[in-house]
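Please look over the model below before reading the points that follow. They start from one residue and its helix and then move out to the chain as a whole.

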Amino acid sequence: MAHSICEGGAKSKIWAQIITSVLNMPISFYKGKEAVPAFGAARLAQLAIIDDGVNEVCPVPGVDEILDPDPGFVKKYQENSERFRRLYQSLRTEFQYQSGEYQ
């Protein structure tokens with residue numbers, strides 16, 4: 001399964017590489033991604049007005065590029081994620097106390 005980024009991170013290969021490595025999943029960049037917001041708004045309007053099916057109004061664009069996770073980064077992000085979870089669990093009561101949620 002691939003995730004699609006149509007704006008923001010798609011403009012930065014470094015940011016996209018971080019995301020794909022953290023998720024450990026490839027990211028697909030679609031052709032015409034610059035126009036996605038405008039086409040999306042127009043297609044939503046068309047779906048609201050005309051009784052066409054979603055598949056007819058919103059065809060899937062062709063894939064321009066697929067960025068795969070970097071195995072070295074995946075390992076590091078997984079280690080850091082595990083460390084974060086352990087630290088969070090050990091400090092959970094403190095976080096709740098500081099936020100006023102602790103009873």
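1. In this predicted model, Tyr88 is placed in helix 4, which covers residues 71-99. Its relative accessible area is 36%, and Tyr88 therefore counts as partly exposed, given that this class lies between the buried limit of under 20% and the exposed limit of over 50%.

2. Tyr88 also belongs to a nonpolar patch on the surface, to which Phe84, Leu87, Leu91 and Phe95 contribute as well, and the patch amounts to about 490 Å².

3. One of these patch residues, Leu91, deserves a second look, since helix 4 has a kink of about 55 degrees centred on Leu91.

4. As for the ends of helix 4, the N-terminal one is capped by Asp70, which has a side-chain oxygen 2.9 Å from the backbone nitrogen of Gly72. After the helix comes Gly100, with a positive phi near 85 degrees.

5. Turning to the chain as a whole, four helices and three strands are found in the protein chain, and their order along the sequence is β-α-β-α-α-β-α. Among contacts with a separation of 6 or more, 67% join residues that are 24 or more positions apart.

6. On burial and surface, 15% of the 103 residues in the protein chain count as buried, while the exposed area of the chain comes to about 8000 Å², with 58% of that area supplied by carbon and sulfur atoms.

How values were computed: Residues numbered from 1 in each chain as written. Predicted model: local features only at pLDDT ≥ 70, side-chain atom pairs only at ≥ 80, totals over all residues. Heavy atoms only, no water. Patch = residues over 30% accessible without salt bridge, like charges linked within 9 Å, V, L, I, M, F, W, Y side chains within 5 Å. Areas by Shrake-Rupley, 256 points an atom, 1.4 Å probe, with all protein chains shown as cover. Salt bridge = Lys/Arg side-chain N within 4 Å of Asp/Glu carboxyl O. Helix = DSSP H or I, 4+ residues; strand = E, 2+ residues; numbered from the N terminus. Buried < 20%, exposed > 50% of the residue type's maximum accessible area, 1.4 Å probe, protein only. Bend = angle between axes of the 7 residues up to and from the residue. Polar contact = N/O pair within 3.5 Å; in protein donor to acceptor, adjacent residues only side chain to side chain. Contact = heavy atoms within 4.5 Å.
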